[in-house]
Amino acid sequence: MLMPRFRAILDTMPGYRPGKAVVSPDGRSYKLSSNESPYDPLPSVVEAIAAGAREIHRYPDPAAVRLVRALADRYDVPAEHIALGPGSVTVTQQLLEAVGEPGVEVVYAWRSFEAYPLLADLAGVTSVRVPLTGEEHDLEAMAEAITERTRLVLVCNPNNPTGTVVRRAQLTAFLDRVPADVLVVLDEAYREYVRDDDVPDGLDLYRERPNVAVLRTFSKAYGLAGLRVGYLIAHEEIASAVRKVTIPFAVNHIAQVAALASLAAESELLERVDRVVKERTRVREALLAQGWEVPPSEANFVWLRLGDRTAAFSEACAAEGVAVRPFHPEGVRISIGDPEANDAFIAAAEAFRRSL
């Protein structure tokens, strides 16, 4: 029986696997698998969403003018330098579609954000994966991997899932080696959690370099993962290209309203980020005391390189009602939750350690 034909690449592509929730036999459930904010939305944001719901019979503003203007004011950039999408992962997809042609290459570290290979394949570009060194980007090797076919380089900073960072001198030296016609995208989804003063703000680099773009999101620190709002800040030619491949009405009305309300409540939201950062330190110190090797993290998660023990560790945590994110056979990423969830994870990690 003949069936409709689809792109051959789909036969080799695994689907994206989101972080899952688990429940222990006694009913406990702590989801530390998706890097979500552990806190409920702010009351002011909920009120704005409720008010915005009265207008959902209308299409959203396709240009998201108010949100773009608010972001432009927040970061002191021209509105023409901003492009929006339903989550920064979709903006990444739009970037790859904008540069994608047969023979084009995109360079990124590996392991890094698991969506990169998937999105590159869908865009029809060739992935050039450069192995991490000591859990960090090997920028020297990434620079050497750039060829005449390279159109785009992704630098995830902090890196997902390791939480490690690229520092100012390293990144500046790398950018000096990148040809001017190659776009460097700094994926800063976790920027708000960075406390290392030597980690550069990508926006400072974008202002100086026309081939640098910065990705940010409202999903993590701003707690809007369920509404999907991401954005790119880049020079006008880049932002314009991304807007051209964006589907109409991509960012829905409620998402725009919530993002605006979140920007207005930014100081209150960042107090929550400070609490997550303190818990990040506590969790890492507890793991180190147990004997684990845990790289310093500047994101809202920590990373354990476990190799062949990855699946067993994930299953042991699940048995205690703690969902973590396994990347078998490399390691496990653990999101920072509230203190109760973090305590449950620390206890599960200790029990697993004792069982070895």
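Modeller: Contact here means heavy atoms within 4.5 Å. Keep in mind that this is a predicted model.

Colleague: Okay, so which residues make helix 11 and helix 12 meet?

Modeller: From helix 11 you have Ala 312, Phe 313, Ala 316 and Cys 317, and they meet Phe 345, Ala 348, Ala 349 and Phe 352 of helix 12. Sorted by type, the residues of this contact are eight nonpolar, no polar and no charged.

Colleague: And what makes helix 11 oblique to helix 12?

Modeller: Look at the angle: the axes of helix 11 (residues 310-319) and helix 12 (residues 339-355) cross at roughly 130° and come within 9 Å. Roughly perpendicular runs from 65 to 115 degrees and roughly antiparallel starts over 145, so an angle that fits neither of these, nor the under 35 of roughly parallel, is oblique. Therefore helix 11 is oblique to helix 12. The crossing is right-handed, by the way.

Colleague: Why is Cys 317 called buried?

Modeller: Its relative accessible area is 1%, and buried means under 20%. So Cys 317 passes, and is buried. Cys 156, at 3%, is buried too.

Colleague: How do you know how many disulfides there are?

Modeller: You'd need a pair of cysteine sulfur atoms within 2.5 Å. By that rule the count is zero.

Colleague: Last one: why is helix 4 described as largely enclosed?

Modeller: Because seven of its nine residues (the helix is 115-123) are buried. Among them are Tyr 116, Pro 117 and Leu 118. The buried residues of helix 4 pack against helix 3, strand 3, strand 4, strand 5 and strand 6.

How values were computed: Residues numbered from 1 in each chain as written. Predicted model: local features only at pLDDT ≥ 70, side-chain atom pairs only at ≥ 80, totals over all residues. Heavy atoms only, no water. Axes fitted to C-alpha atoms, helices over the stretch in contact; angles between N-to-C directions. Helix = DSSP H or I, 4+ residues; strand = E, 2+ residues; numbered from the N terminus. Left-handed = near helix turned anticlockwise from the far one by under 90°. Nonpolar A, V, L, I, M, F, W, Y, C, P; charged D, E, K, R; others polar. Buried < 20%, exposed > 50% of the residue type's maximum accessible area, 1.4 Å probe, protein only.
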